[in-house]
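Thanks for coming. I will go through one structure today, starting from the inside and working out to the loops. Please look at the screen.

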Amino acid sequence: MKERAESFEYLKVTVEEELLSQYMDGYEKFGWRMDENIPTEKRMGKATLHMKRSRYVVNKVELTRLQRHYESCMKEIAALEASKSSVPTCVSLTCGLAGCAFMAGSVFAVTATPPVIWLTVLLGIPGFVLWGAAYFGYKAAKNRRIQKVEPLIEAKYEEACRVCEKAFGLLYE
């Protein structure tokens, strides 16, 4: 009786470097292992993994479906992590731009003929206040956003973990 030569299917995935360990651990549960012939590439906060697994894995269709679910969970986690700083940045920029608008009005008031000093002061004060508020708005919005997203991130990690457990069970039935 002839033995069948082992052949592999290959997967190349680019992920956020902060989530590299989670991805490596997760993909192992789907039968993937790191391709020792190609090193992990890291650049600009991203890492590219090169993996392989046997073509003759059992329950391949279900494993693929679960793997897509896992990848979806991990992408949602990355998006939630990114929103921790993107939402506060928008708040800060909005405060800063509103302050600029008030300061522009103040400059126009002082350069008018004749200069309207009372309007310059009236528009300049909120401009300076909004510029200063941008920093504190960022900090407050960041703290609020972190409190809001941490439970969602934790729930997504739990969901990804359950998917990996199902896949691991299928792999070794």
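Which of the 28 residues in the largest nonpolar core touch the most other members? They are Tyr-23, Tyr-27, Phe-30, Met-51, Leu-63, Tyr-70 and Met-74. Before I go on, a reminder that this is a predicted model.

As for where the core residues come from, the elements that give two or more residues to this core are E1, H1, E4, H2 and H3. H3 gives the most, with 8 residues.

Take helix H1 next, which covers residues 20-28. Its buried residues are Leu-20, Tyr-23, Gly-26 and Tyr-27. Viewed down the axis of H1, these fall within an arc of 135°, so they line one face of the helix. The general background is that an α-helix has 3.6 residues a turn, so residues three or four places apart point the same way. What do the buried residues of H1 pack against? The partners are strand E1 (8-16), strand E3 (41-43), E4, helix H2 (60-111) and helix H3 (117-171).

Tyr-23 is worth following from there. It is one of the buried residues of H1, and it is also among the core residues that touch the most other members. If we leave aside neighbours within four places in sequence, Tyr-23 is in contact with Val-15, Leu-49, Tyr-70, Glu-71, Met-74 and Lys-75. Of those partners, Tyr-70 and Met-74 were also on the list I began with.

Now strand E4, residues 46-54, and in it Thr-48. Thr-48 is buried, at a relative accessible area of 10%. Its side chain makes a polar contact of 3.2 Å with the side chain of Thr-14. Apart from neighbours within four places in sequence, Thr-48 is in contact with Lys-12, Val-13, Thr-14, Thr-40 and Glu-41.

Next, charges. How many salt bridges does the count come to? The count is 10. I will cover three pairs.

Arg-53 and Glu-9 form a salt bridge, with the closest N and O atoms 2.7 Å apart. This pair links distant parts of the chain, since Arg-53 is in strand E4 and Glu-9 is in strand E1, 44 residues apart. Are these two buried or exposed? Arg-53 counts as buried at 4% relative accessibility, and Glu-9 counts as buried at 14%.

Glu-9 also meets the side chain of Lys-60 in a salt bridge, at 3.5 Å from N to O. Lys-60 lies in helix H2 and Glu-9 in strand E1, so this pair ties together parts that are 51 residues apart in sequence. Lys-60 counts as partly exposed, at 28% relative accessibility. Put together, Glu-9, Arg-53 and Lys-60 are linked in a network of salt bridges.

The third pair is Glu-41 with Arg-43, whose side chains meet in a salt bridge at 3.6 Å, N to O. Here Glu-41 counts as partly exposed at 31% relative accessibility, while Arg-43 is exposed at 57%.

Asp-35 is another charged residue to look at, in the loop between strand E2 (33-34) and E3. Asp-35 is buried yet has no salt bridge. Which side chain of opposite charge is nearest to Asp-35? That is Lys-52, 4.2 Å away. Since a salt bridge needs the nitrogen within 4 Å of a carboxyl oxygen, a pair at that distance is not counted. Aside from neighbours within four places in sequence, Asp-35 is in contact with Tyr-10, His-50, Met-51 and Lys-52.

Moving along the chain, Ala-109 is in helix H2 and is buried, with a relative accessible area of 6%. Ala-109 and Leu-119 are 10 residues apart in sequence and 6.2 Å apart in space, C-alpha to C-alpha. With neighbours within four places in sequence set aside, Ala-109 is in contact with Pro-115, Val-116, Leu-119 and Thr-120.

Last, some backbone details. Where is the cis peptide bond I have marked? It joins Thr-113 and Pro-114, with omega about -15°. Pro-114 is in the loop between H2 and H3.

Met-44, in the loop between E3 and E4, has a positive phi near 50° and is not a glycine. Met-44 counts as exposed, at 82% relative accessibility. Asn-59, in the loop between E4 and H2, also has a positive phi, of about 55°. Asn-59 counts as partly exposed, at 29% relative accessibility.

That is what I have; I will take questions now.

Technical notes: Residues numbered from 1 in each chain as written. Predicted model: local features only at pLDDT ≥ 70, side-chain atom pairs only at ≥ 80, totals over all residues. Heavy atoms only, no water. Helix = DSSP H or I, 4+ residues; strand = E, 2+ residues; numbered from the N terminus. Buried < 20%, exposed > 50% of the residue type's maximum accessible area, 1.4 Å probe, protein only. Polar contact = N/O pair within 3.5 Å; in protein donor to acceptor, adjacent residues only side chain to side chain. Contact = heavy atoms within 4.5 Å. Arc of directions from axis to C-beta. Core = buried A, V, L, I, M, F, W, Y, C linked by side-chain atoms within 4.5 Å. Lys, Arg positive; Asp, Glu negative; His and termini not counted.
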